[in-house]
Amino acid sequence: MADKSGSRTTRDQGGSQGKARSKARVEEDAEPRAENDGRELAVREGGAEPATQDSGGGGLLGRIGRVSNSAFNVTREIGGSAQRLTQQFVSEAGHLVDVALTTETAPRVVVHGEVVEELPERERIETPATTAEELRRAGERLLAQSAEPAGADAPHPAYPHVLEQLCPDEARVLRLLFTDGAQPAIDVRTNRPFGVGAETVAAGVTMIPEVAGCRNPDRIAEYLGNLHRLGLIWFSKEQVEVRRYELLQVQPQLIDAISRAGRYAKTVRRRIEITPFGRDFYGTCFPKP
């Protein structure tokens, strides 16, 4: 009897100890699961796994290092792309500069908006001397050349420069004045008592462009002004033969100027002629008719 009670007591104690050990194992297994569940919840909420006791500070520093490396790689790629674009831009710009420097254009002589001719490089006029010493030496050379008898027959050095400043219509006007002599011209003015307040309505009305055969007769004022500036013609107050004004007085431009001048319009007769310098210039530079 006593043996049976002892056996039962022993079994009860063994069962209690087994239950205690099972409960301890369950609790030990529950702790890692709870820790894992907490870590998964933190990952879902914060987007990053919190550091554990095992990983410590080394795991956090490792992730920071990886992020830093990634940022450095991105920055390096961006910098490399910018450098390649800069090098390509510099190369293209240098190519354009080389093309611009190697492109040659033939110099043109333009007078009054018209291209007269294209001159080769060897015929371009050199830049004149600008310093006082160079001008002084040029003057000395001129004086020395004046003592040489061979230089008396040479053409005037200004003729090439003057010729480059003429347009075709101006050459026709100069030919007319050289061959046919002075041409009539009329000024139209308003008439006031004693000339006080009188104004010029039209100056130098002439038939020179029609007689000379100019392509642009409406630009005759520009032509005459340029020829006068170059010293080839002048506007004289003297008159030509009276009968030569009769045809000019019935021209539409003169009639219109007289009507604009008013009831008591005044006409002043004068003439346009070639100067001695212009006559010698034409005889030297143009074929004689």
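# Exercises on a predicted model

In the largest pocket, β4 is the element that gives the most to the lining, with four residues. The model is predicted. Work through the exercises with the structure open.

**Exercise 1. The largest pocket**

Find how much space lies in the largest pocket, and which elements give two or more residues to its lining.

*Solution.*
- Start with the volume. The largest pocket holds about 320 Å³ of space.
- Next, take the elements. Those giving two or more residues to the lining are β4, α6 (208–212) and α7.
- Then go to the centre. Of the 14 lining residues, A203, G204, V205, I220 and A221 lie nearest to it.
- Finish with the chemistry. The lining divides into nine nonpolar, three polar and two charged residues.

**Exercise 2. The second largest pocket**

State the volume of the second largest pocket and name the residues that line it.

*Solution.*
- The volume is about 210 Å³.
- The lining consists of A138, R141, L142, Q145 and P157.
- By type, that lining has three nonpolar residues, one polar and one charged.

**Exercise 3. The faces of α7**

Determine how the buried residues of helix α7 are arranged around its axis.

*Solution.*
- List the buried residues. In α7 (residues 220–229) they are I220, Y223, L224, N226 and L227.
- Look down the axis. The buried residues fall within an arc of 165°, so they line one face of the helix.
- Turn to the face pointing away from the buried side. There sit the exposed residues A221 and R229.
- Step past the helix end. Just after α7, G231 has a positive phi of about 80°.

**Exercise 4. The partners of β3**

Identify the strands joined to β3 and give the number of bridges to each.

*Solution.*
- Take β6 (residues 266–274). Seven bridges join this strand to β3, and the two run antiparallel.
- Pick a pair from it: P184 stands opposite R271.
- Take β4 (residues 200–205). Three bridges join this strand to β3, again in an antiparallel arrangement.
- Pick a pair here too: R189 has T200 as its bridge partner.
- Check the cover. β3 (residues 183–189) has six of its seven residues buried.

**Exercise 5. Salt bridges**

Say which residue pairs with D187, which with R271 and which with D256, and place each pair in the fold.

*Solution.*
- Set the scene. The whole structure has eight salt bridges.
- Start with D187. Its side chain meets that of R270 in a salt bridge, 2.6 Å from N to O. D187 lies in β3 and R270 in β6, so the pair ties together parts 83 residues apart in sequence. Both D187 and R270 are buried.
- Move to R271. Its salt-bridge partner is E238, with the closest N and O atoms 2.8 Å apart. R271 is in β6, while E238 is in the loop between β5 (233–236) and α8 (243–249), 33 residues apart.
- Compare the accessibility of this pair with the cut-offs. Buried means under 20% relative accessible area, and exposed over 50%. R271 has 18%, so R271 is buried. E238 has 47%, so E238 counts as partly exposed.
- End with D256. The partner is R260, at 3.0 Å from N to O. Both residues lie in helix α9 (residues 252–261), four residues apart, about one turn of the helix. D256 has 40% relative accessibility, so D256 is partly exposed.
- Add the network. E133, R136 and R137 are joined into one by salt bridges that share partners.

Definitions and conventions:
Residues numbered from 1 in each chain as written. Predicted model: local features only at pLDDT ≥ 70, side-chain atom pairs only at ≥ 80, totals over all residues. Heavy atoms only, no water. Buried < 20%, exposed > 50% of the residue type's maximum accessible area, 1.4 Å probe, protein only. Pairing = 2+ DSSP bridges. Salt bridge = Lys/Arg side-chain N within 4 Å of Asp/Glu carboxyl O. Arc of directions from axis to C-beta. 1 Å grid on protein atoms, 1.4 Å probe; cavity = no way out; pocket = protein on both sides within 12 Å on 5 of 7 lines; lining within 4 Å. Points joined across faces, edges and corners; volume = space filled by probe spheres on them. Nonpolar A, V, L, I, M, F, W, Y, C, P; charged D, E, K, R; others polar.
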